[in-house]
Amino acid sequence: MDQFIGEPQLWGKGIGSIMIRKMVDYLWDDKGAAMVVLDVKKTNTRAISSYEKSGFKQIKELNNDSILMACIKKTCE
């Protein structure tokens, strides 16, 4: 899941978190998903913060400097 907000003055306004949450809700409600999993670079602290704000939890570190994160429907709503 990638998102890009091209206008720096819009960064830090919660737009990314809203977008992530809308996508997760769509996957649950319209597609029947029970879990959403993603990986993110450890150095991408803005993305990690946004994912955590949207309910994702860090699962484990991957060997390529990334973090595996997941949002499970019954615990992430």
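Let us start with Asp25 and Arg21, whose side chains meet in a salt bridge, with 3.2 Å from N to O. I should say at once that this is a predicted model. Why can these two side chains reach one another? Asp25 and Arg21 stand four residues apart in helix α1, and this separates them by about one helical turn. As a general point, an α-helix has 3.6 residues a turn, so residues three or four places apart point the same way. It is also general that side chains of opposite charge can pair when their charged atoms come close.

The two partners differ in their surroundings. Arg21 has a relative accessible area of 19%, and because buried means under 20%, Arg21 is placed in the buried class. Asp25, at 29% relative accessibility, counts as partly exposed.

How many salt bridges does the model hold by this rule? The count comes to two. In the second, the side chains of Glu61 and Lys42 meet at 2.7 Å, N to O. This pair links distant parts of the chain, for Glu61 belongs to strand β2 while Lys42 sits in the loop between β1 and α2, 19 residues apart. Glu61 counts as exposed, at 58% relative accessibility. Lys42, in turn, is partly exposed, with a relative accessible area of 30%.

Both of these residues appear again when we turn to Ser66. Ser66 has its place in strand β3, and at 3% relative accessibility Ser66 counts as buried. If we do not count residues up to four places away in sequence, Ser66 touches Asp39, Val40, Lys41, Lys42, Lys60 and Glu61.

Next to Ser66 in the numbering is Asp65, found in the loop between β2 and β3. Asp65 is exposed, with a relative accessible area of 52%. What is the sign of phi at Asp65? Phi is positive there, near 65°, in a residue other than glycine. In general, most residues other than glycine have a negative phi.

I now move to helix α2, which covers residues 45-53. Which residues of this helix are buried? They are Ala47, Ile48, Ser50 and Tyr51. These four cover an arc of only 165° around the axis, which puts them on the same side of α2. On the other side of α2, Thr45, Arg46 and Lys53 are exposed. Against what do the buried residues of α2 pack? Their partners are helix α1 (15-29) and the strands β1 (35-41), β2 (57-62) and β3 (66-72). After α2 comes Gly55, whose phi is positive, near 105°.

Let me stay a moment with Lys53, which has its place in helix α2. Lys53 is exposed, with a relative accessible area of 60%. Leaving aside neighbours within four places in sequence, Lys53 is in contact with Gly14 and Ser17. Lys53 and Ile20 are 33 residues apart along the chain, and their C-alpha atoms are separated by 9.5 Å.

Another lysine, Lys22, has its place in helix α1. Lys22 counts as exposed, at 60% relative accessibility. Lys22 and Thr75 are 53 residues apart in sequence, and 16 Å apart in space from C-alpha to C-alpha.

My last topic is the largest pocket, which has a volume of about 570 Å³. Which of its 23 lining residues are the closest to its centre? They are Gln3, Gly16, Arg46, Ala47 and Ser50. We have already met some of these names in helix α2: Ala47 and Ser50 are among its buried residues, and Arg46 is exposed on the other side.

Which elements supply the lining of the largest pocket? At least two residues come from each of α1, β1 and α2. Helix α2 gives the most, with six residues. By character, the lining of the largest pocket divides into 10 nonpolar, eight polar and five charged residues.

To close, I return to helix α2 as a thread through this talk. The buried residues of α2 pack against α1, β1, β2 and β3, and α2 gives the most to the lining of the largest pocket.

Technical notes: Residues are numbered from 1 along each chain as its sequence is written. This is a predicted model: local features need pLDDT of at least 70, side-chain atom pairs count only at pLDDT 80 or more; totals for chains, interfaces and linings use all residues. Side-chain values use heavy atoms; hydrogens and water are left out. Buried means under 20% relative accessible area, exposed over 50%, partly exposed in between (1.4 Å probe, protein chains only). The arc is that of the directions from the helix axis to the C-beta atoms. Contact means heavy atoms within 4.5 Å. A salt bridge is a side-chain nitrogen of Lys or Arg within 4 Å of a carboxyl oxygen of Asp or Glu. On a 1 Å grid over the protein atoms alone, a cavity is a set of points where a 1.4 Å probe fits but cannot get out, and a pocket is an open set with protein on both sides within 12 Å along at least five of seven lines; lining residues have an atom within 4 Å of a point. Grid points are joined across faces, edges and corners, and a volume is the space filled by probe spheres set on the points. Ala, Val, Leu, Ile, Met, Phe, Trp, Tyr, Cys and Pro count as nonpolar, Asp, Glu, Lys and Arg as charged, and the others, Gly among them, as polar.
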